[in-house]
Amino acid sequence: MRKRIAALLGLALLGASIAGCASRPSYPDGVYFAAGDMDAGSGYRTIITVKVSENRIESVDWNEIHYKNADKKALGDDYGMKGASSIGKEWYEQAKAIEDVLVKRGPDSIQYDTEGEKAGKVKNVSGASISVTNVLSVFEKAMSADPVPQGAYQDGVYHQLAETPVDGYQDVVTLVVANGTIVLAEWDKVAAAPAEGEAPTLRMQDASGPFEAQAEAFAAQVLENQGTVEAVDGPEDIAGAKKLLDSLLDQAR
């Protein structure tokens, strides 16, 4: 009798294990990347890098980059979420809990509140209480894209703000590298002392204007050439941005 019960339990556990594996989504091997839109209120932008091996997610790297400050993972404890968190966890710790679930069980296993003050906040991941709607959306965007080709740079977020303002603005350049390839490039000008009610960056002030177009052309060249920028037509001198870009490329090599 005991042997029969043990055998039945073994079959049940095996079935649960198989079901659990079967529920995990399958993807083509490769490295995937996507970025969300910048949140105008906080200035942060979600980025996701996913590595897939043998059709299963091997790793997920979720980060939030800022137009001026360091990315959230680089800030670490200095981001300051722990004191305000209901579970006493810093942002990078909670992000790690979400990443682990995406790796082990996939995005469909993550549940979140849809109404009230907690709308968007995860409710079934131990060690996390942060909002996940945006990261899940960007994750889906990444997995719907083509894999990132292999490049020659070191993966990471590279960000540099000019030390000295020129005409009241500091050039800032941000690069993101995934699978050795530059997958995101941004150039902006941050107001050193913005007037009350003024947008903090020139791109925000000049949305769809001449500088916005110039910044987009700058970024397009960085991505196409994987680093080099020639002349870019527009109202602003690109010498400062090119200097920052060269510095970041040196760091990434």
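**Exercise 1. The sheet and its partner helix**

How many bridges join strand 1 to strand 2? Work this out, then describe the sheet around these strands.

*Solution.* Before starting, note that this is a predicted model, in which local features need pLDDT of at least 70, side-chain atom pairs count only at pLDDT 80 or more, and totals for chains, interfaces and linings use all residues. Residues are numbered from 1 along each chain as its sequence is written, and side-chain values use heavy atoms, leaving out hydrogens and water.

Step 1. Helices (H or I, at least four residues) and strands (E, at least two) are DSSP runs, numbered from the N terminus. Strand 1 and strand 2 (residues 44-53) are joined by 6 bridges and run antiparallel. Two strands count as paired if DSSP finds at least two bridges between them.

Step 2. Look at individual partners. Phe33 has Thr49 in strand 2 as its bridge partner, and Val31 stands opposite Lys51 in strand 2.

Step 3. Now widen the view. The sheet is open, with 3 strands in the order 1-2-3 and antiparallel pairing. Its edge strands, each pairing on one side only, are strand 1 (30-35) and strand 3 (56-66). On average, neighbouring strands of this sheet are turned by 15° against each other, direction ignored. Axes here are lines fitted to C-alpha atoms, for helices over the stretch in contact, and angles run from 0 to 180 degrees between N-to-C directions.

Step 4. Add the helix. Helix 4 (residues 133-143) packs on the sheet and touches strand 1, strand 2 and strand 3, where contact means heavy atoms within 4.5 Å. The direction of helix 4 makes about 45° with that of strand 2.

Step 5. Check the surroundings of strand 1. Buried means under 20% relative accessible area, exposed over 50%, and partly exposed in between (1.4 Å probe, protein chains only). Strand 1 is largely enclosed by the rest of the structure, because 5 of its 6 residues are buried.

**Exercise 2. Two cores**

Which residues touch the most other members of the largest nonpolar core?

*Solution.* A nonpolar core is a set of buried Ala, Val, Leu, Ile, Met, Phe, Trp, Tyr and Cys residues joined through side-chain atoms within 4.5 Å.

Step 1. The largest core has 29 residues, and Ile48, Val50, Trp62, Ile98, Ile110, Val125 and Phe139 touch the most other members.

Step 2. Strand 1, strand 2, strand 3, helix 3 (91-104) and helix 4 each supply at least two residues of this core. The largest share, 7 residues, comes from helix 3.

Step 3. Take Ile48 as a close-up. Leaving aside residues up to four places away in sequence, its contacts include Phe33, Trp62, Val138 and Phe139.

Step 4. There is also a second, separate core of 26 residues, with Ala162, Val173, Phe218 and Val222 among them.

Step 5. Turn to Ile182, found in strand 6 (residues 181-191). Ile182 is buried, with a relative accessible area of 3%. Again not counting residues up to four places away in sequence, Ile182 touches Val222, Leu223 and Leu249, among others. Between the C-alpha atoms of Ile182 and Trp62 there are 17 Å, and the two lie 120 residues apart along the chain.

**Exercise 3. Positive phi**

Where does Glu54 lie, and is Glu54 buried or exposed? Do the comparable check for Ser208.

*Solution.* Step 1. Most residues other than glycine have a negative phi. Glu54 has a positive phi of about 55° although it is not a glycine.

Step 2. Glu54 sits in the loop between strand 2 and strand 3, and it is exposed, with a relative accessible area of 66%.

Step 3. Ser208, not a glycine either, has a positive phi of about 65°. Ser208 is in the loop between helix 5 (202-205) and helix 6 (210-225), and it is exposed at a relative accessible area of 74%.

**Exercise 4. Confidence and the whole chain**

Over which residues is the pLDDT below 50?

*Solution.* Step 1. pLDDT is the predictor's confidence in each residue, from 0 to 100. The chain has a mean pLDDT of 91, and 91% of its residues reach 70 or more.

Step 2. The pLDDT is below 50 over residues 1-22, a stretch with 1 contact in the model beyond near neighbours in sequence. Where pLDDT is low, the predicted coordinates should not be read in detail.

Step 3. Finish with the overall view. The chain has 7 helices and 6 strands, and 41% of its 253 residues count as buried.
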